[in-house]
Amino acid sequence: MVCVWRRSDWSCLLRETAAHSGKRVAAIAAHPSGRAALSLGDDGRLVLWDLARMRPVHVTPVIPRGRRRGGAGEALGRPEGVRYSTDGSLFLVHGSAGADVFDGASGQRLARMRPASRCHH
């Protein structure tokens with residue numbers, strides 16, 4: 001579930017349960033402008049939120065499901081985080097097995113980063 005709260009009185013302005021198919025929201029990142037946000041769910045989907053209208057405007061799978069081990073679908077592994085660059089021109093989506101960098105305006109993947117060996121922490 002994603003909730004947006006008004007700070008002045010802590011009232012809930014948005015309560016959305018369908019955006020990530022009822023799965024856990026792993027991470028949320030607000031755009032530096034404050035007009036948009038991204039949420040990454042355990043369902044492998046990245047949701048772009050219009051905070052002025054309080055609704056999801058675009059949903060895209062960034063961690064495809066049902067792929068074979070080692071294939072493209074396992075590229076990022078388990079969803080872990082999403083971050084905008086300081087100017088909002090880029091965003092990074094990372095999982096347990098790597099990270100992808102995207103253009104902030106078009107959503108196009110620009111780079112894919114994978115560790116040479118697995119880190120355990």
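**View 1. I28 meets its bridge partner across two strands.** In this predicted model, I28 is paired up with S39, its bridge partner in strand 4. That bridge belongs to the pairing of strand 3 with strand 4. The two strands run antiparallel to each other, and the pairing covers five bridges.

**View 2. S39, a serine tucked out of sight.** S39 sits in strand 4. Is S39 buried or exposed? Its relative accessibility comes out at 0%, so S39 counts as buried; the cut-off for that label is under 20%. What does the S39 side chain get up to in there? It makes a polar contact with the side chain of W49, at 2.8 Å.

**View 3. The open sheet around strand 4.** Pull back a little and you'll find four strands forming an open sheet, in the order 3-4-5-6. The pairing here is antiparallel. Strand 3 and strand 6 (55–61) are the edge strands, each pairing on one side only. From one strand to the next, the twist averages 20 degrees. As a general reminder, strands of a sheet pair through backbone hydrogen bonds, whether parallel or antiparallel.

**View 4. L38 and its neighbours.** Now for L38, which has plenty to touch. Leaving aside residues up to four places away in sequence, L38 touches A27, I28 and A29, then L46, V47, L48 and W49, and also V82, Y84 and F91. One of these, I28, is the residue bridged to S39, and another, W49, is the polar partner of the S39 side chain.

**View 5. The largest nonpolar core.** Which residues make up this core? There are twelve: A27, A29, L38, L40, L46, V62, L76, V82, Y84, F91, V93 and F102. Four strands each supply at least two of the core residues: strand 3 (25–30), strand 4 (36–41), strand 7 (79–84) and strand 8 (90–95). Generally speaking, nonpolar side chains tend to be buried together in soluble globular proteins.

**View 6. The whole chain, for orientation.** How many helices and strands does the chain have? Zero helices and ten strands, so to read along the sequence is to read β-β-β-β-β-β-β-β-β-β. Of the 121 residues, 33% are buried. The chain exposes about 7,700 Å², with carbon and sulfur atoms supplying 51% of that area. Take the contacts between residues at least 6 apart in sequence, and 26% of them join residues at least 24 apart.

How values were computed. Residues are numbered from 1 along each chain as its sequence is written. This is a predicted model: local features need pLDDT of at least 70, side-chain atom pairs count only at pLDDT 80 or more; totals for chains, interfaces and linings use all residues. Side-chain values use heavy atoms; hydrogens and water are left out. Buried means under 20% relative accessible area, exposed over 50%, partly exposed in between (1.4 Å probe, protein chains only). Contact means heavy atoms within 4.5 Å. Accessible areas come from the Shrake-Rupley method with a 1.4 Å probe; for residues, only the protein chains shown count as cover. A nonpolar core is a set of buried Ala, Val, Leu, Ile, Met, Phe, Trp, Tyr and Cys residues joined through side-chain atoms within 4.5 Å. A polar contact is a pair of N or O atoms within 3.5 Å; within protein, one must be able to donate a hydrogen and the other to accept it, and residues adjacent in sequence count only if both atoms are side-chain atoms. Two strands pair if DSSP finds at least two bridges between them. Axes are lines fitted to C-alpha atoms, for helices over the stretch in contact, and angles run from 0 to 180 degrees between N-to-C directions.
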